[in-house]
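Hi everyone, thanks for making time. Let me put the structure up, and then I'll talk you through one of its chains.

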Amino acid sequence: MTLKAYIITRSLLALPMTIFLLSVVFIIVRILPGNPIDLILGPHATPEMKTILAQRLGLDIPIYLQYLHYIAGVFQGNLGKSMHTGIPISQEILQYFPNTVVLAVAAMFVALAIGIPLGVLASQRFSKTEDIIVRLFGATVYVIPVFWLGMILQLVFGVYLRIFPVAGIGPLPSKSLTGLYILDFLLVGDLQGFAKSISYLVMPAFTLGLIISGVFMRLTRTYMVETMRQDYTVAAVSRGLRKQTIIYKYALRNALLPLVTMIGLEIAGLLAGAVLTEVTFSWPGLGTYLVSRIGLRDYPAVQGCIVFFAVIVIVVSFIVDLTYAYLDPRVRL
Amino acid sequence: MLLNVINLKKYFPVEKSFIEKLITKTKSFVHAVDDISFSIRKKEIFGLVGESGCGKSTTGRLCIGLIEPTDGKIFFDGCEISSLAKRELKKLRKKIQMIFQDPTASLNPKMRIGEAISRPLKIQGNYSKQEIKVEVLQALDTVALTPPENFYHRYPYELSGGQRQRAVIARSLVLKPEFVVADEPIAMIDVSVRAQIMDLIENLRKGRQMTFLLITHDLASARYLCDRIAIMYAGKIVEIGFKNELFTNPQHPYTKALLSAVPVPDPKHKIDRIIIGGEVPSLINPPKGCRFNPRCPYAETVCQTVEPILDKVGDEHYVACIPKPFYKK
Amino acid sequence: MTTSIRKIPAIKRFLVGDVAKRMVATGIVILAFIIGLNVLAPYLTPNKPTGARADGQLFRPFQEPSKDHIMGTNDIGLDIYTRVLYGGRVPLLVATFSTLFALLLGVPLGLLSGYLGGFLDKLISLIMDSLFAFPGLILAIAITAMIGPSILNTAAAIAVIYVPVFFRVVRSQVLSIKELLYVEAAKSIGESTLSIVFRYILPNTIPGILVILSMGFADAILIEAGLSFIGLSTVVPPDASWGLDVAIGRNYLLSGSWWIITFPGIMLIFATLGFSLISEGLNDLMNPKLSE
């Protein structure tokens, strides 16, 4: 199959996927037991109050019409208005989302910076003590609750040692240009502000990155070990190539392709972890937004937020698949 | 005749991806079995010989009703297999069984030998627990897995390759079938135990009056066991005949080539070897005319256009070759 | 020379096999320890399951670990050691129910979809892949927020995440198993579809299912704790649950009350580690090539 044909097939797949996930969100919010109106108004609401709220939320029309309105709205980028603030939800989301992106990207860097070297080390000391220690490390970081690790770091580096700020995102730049505040600092030339915001970023990014690093460590190790056993690697060894050359030119390079896919697949895990990390560090991202709106019973906002996550996941998995197909023609078969 | 195969065809559709289906409308097929006919007598061991991929295993599966033919008919004892409903097919399984090539792969690793052998009885129903146990132990005994009680509770991994194949044979014998299709029964087992399995088949034919369709790529074992042999090439039968006739007086160039590849344990023996070049043709687009013509050293122009049919050249000896270069008048 | 070449891999294989077995054994010991603590809790502490004194009175709040309270007391004066002992009940129950739900739904669907193939398979796979791609925790948050947290509700929300995991593993195994000769042999002796699926295919997928099962337990414990942390706790104070206690401790972090979060957190890690060690070890034992 040509790349073009693959893109077409894959796009055709993305549409039903989107509709399905949107339907899942709809089912969760509208159809599962637990009517938003009852949840918002509590048990003592009068029928009149319920009717008024139902009208405001657009819940007074037949369920299939609600569904169609909702799907049509999502495709137009309309997620409704927040009950709490009255602001369009898409606008609110776009305000919080860049902060999540900053955290997620930083955490991904941390994860790769920890995971890949440890994976290389484990594969080189295969089945020896170092390997077992690294694997144990990988198994352990996977099971640490991310919020607990965050809190322990807050205690040690924020409360006791006072090296990093305990929580928050720090000061924001004077002007918002790109939406990504950290880039804006550099663009307006505010290096001091940049340094300060980095100090706020260190702990949340490290917390989330460490938890995810285990996946990359394991993957690097597996692929390195596999490549080192391949005939062409053995042939390279027998030709007398230096060990370093073999490790970095042959083995690591082969491990990079699956790593690229893994980065894409981990976006889901990253977003989930980001929700908890954000709450832990009072980081004003999408996760904090979601959780605070759950607390405020702002159901349109909760629904909009989940829809947004769904769209992100679909877009990212689409991009990942295309990248992979571009890099590895076998996928297209 | 116990089994009659008439103009049997089996085409497998070639799997296409979603996009390809949209772009092209033409369907392509693998012509695995393309119009073959033969019949097997009661108490006969009939050999079907050919290279891998020539359609001989597909023929075997068709003969027991495991897959449905695209066209053509198979009559077993007068009843047509492909027209049978599920319930009738189940009854037929009492009479027809199959032995597969790889004994390790044809046993469920999570099922004890006794259970595996008892399944055919349980599927047929009408047997009490007591009867089932007796039958299973007897079947184990027949295939010389003795003492049978010892093997009853074992898992396949606790058996050797030869023992596993005997367990597989026991499973196919437990219903006392009349006809067994044996698909390369000795190909995957140690050379040292092959003779035992071949003797077992021979004894079953003599003792139980059973009929076998032996599918093999190995002419030597076919010569040892079979009464008559059919040679298959690219989905077609090119030659059928009695074993001795076929080995001493082969008519088809392909048969001749196969025979000359069989080593003869006699240093003085000289043979005029026929070495064929090229490769087995694609079964998706088989060559026009005689399928063997691109590789045949005796091919004439007629061979490229006219498809040969089986011609009688001797006593029950048929060959599908137009020039018949070895035919002595 | 020849002997040394042959020996090394054998020794390595032995070592690796040993590591995998040790992982499973360690996991089982950890779990036995945690379940033991839960069962023996009444004998290990004189206090009530909430951490209050046997007569219902509270202790002095915010006590640091001491001889009387080896893990200190929390914000309202409940003994943390006692709460740690009893606090595993809720997460373990939620994990058990959720993996059970997911197993009962995901495994049959995977068997069916993989064995039958065709349009049905494509449809179910698309649905499962979409669900699988979605961040599990966020899905669980959404469901729990709507139906309200309780042991069964939370378990159901987590199960939704794990159904596609069971489905995918079982389906892919079925796809490879159904091409094996013993399935064809089963057809040749006249086995029915149902019998083939349950007698010949299912038993051979069980090792894979076990790996996912113990991984599911680990994830469910983590997700239950995560839900507690963001305010969707399965139980309400003063009932004890590790996740809830960590969430409570967050409010007193700045005052340096480290003990409130530390001990329940360690128990969470312990429990999750137990399950994930079993899962890892089983996986290694199943695929010796990858783990070597």
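So, chain B: its secondary structure comes to eleven helices and twelve strands. Keep in mind that what you're looking at is a predicted model.

How do the overall dimensions look? Along its principal axes, the C-alpha trace of chain B spans about 65 × 60 × 35 Å. The radius of gyration is 21 Å, and that agrees with the value near 20 Å for a compact globule of 329 residues. Of those 329 residues in chain B, 43% are buried. And if you take the contacts in chain B between residues at least 6 apart in sequence, 65% of them join residues at least 24 apart.

Okay, let's zoom in on a sheet. Which order do its strands follow? In chain B there's an open sheet of four strands, and the order is S2-S1-S4-S5, with antiparallel pairing. At the edges stand S2(B), residues 29-40, and S5(B), residues 79-80; each has a single partner strand, so one side of each is left without a neighbour in the sheet. As a quick reminder, strands of a sheet pair through backbone hydrogen bonds, either parallel or antiparallel. Here, S1(B), residues 3-13, pairs with S2(B) in the antiparallel sense over nine bridges. If you want one spot to click on, try Tyr11(B), whose bridge partner in S2(B) is His31(B).

Next stop, a single residue: Ile99(B), which you'll find in strand S6 of chain B, residues 96-99. Buried or exposed, what do you think? Ile99(B) counts as buried, because there are 27 C-beta neighbours inside 10 Å, and the cut-off for that is 20 or more. So who's around it? Leaving out residues up to four places away in sequence, Ile99(B) touches Val168(B), Ile169(B), Ser172(B), Val180(B), Ala182(B), Asp183(B) and Pro185(B). Take Ile169(B) from that list: Ile99(B) and Ile169(B) sit 70 residues apart in sequence, yet their C-alpha atoms are 6.3 Å apart in space.

Last thing, the contact with chain C. How many residues does each chain put in? Chain B gives 17 residues and chain C gives 13 residues. On the chain B side, the largest share comes from helix H4(B), residues 113-124, with three residues. As for character, the chain B side that touches chain C divides into nine nonpolar, two polar and six charged residues.

That's my tour, thanks for listening!

Technical notes: Residues are numbered from 1 along each chain as its sequence is written. Chains are lettered from A and ligands numbered from 1 in the order in which they are written. This is a predicted model: local features need pLDDT of at least 70, side-chain atom pairs count only at pLDDT 80 or more; totals for chains, interfaces and linings use all residues. Helices (H or I, at least four residues) and strands (E, at least two) are DSSP runs, numbered from the N terminus. The radius of gyration is taken over C-alpha atoms; the globule rule is 2.2 Å times the number of residues to the power 0.38. A residue is buried if 20 or more other C-beta atoms lie within 10 Å of its own, exposed if 12 or fewer, and partly exposed in between; C-beta atoms are placed from the backbone. Two residues are in contact if their C-beta atoms, placed from the backbone, lie within 7 Å. Two strands pair if DSSP finds at least two bridges between them. Ala, Val, Leu, Ile, Met, Phe, Trp, Tyr, Cys and Pro count as nonpolar, Asp, Glu, Lys and Arg as charged, and the others, Gly among them, as polar.
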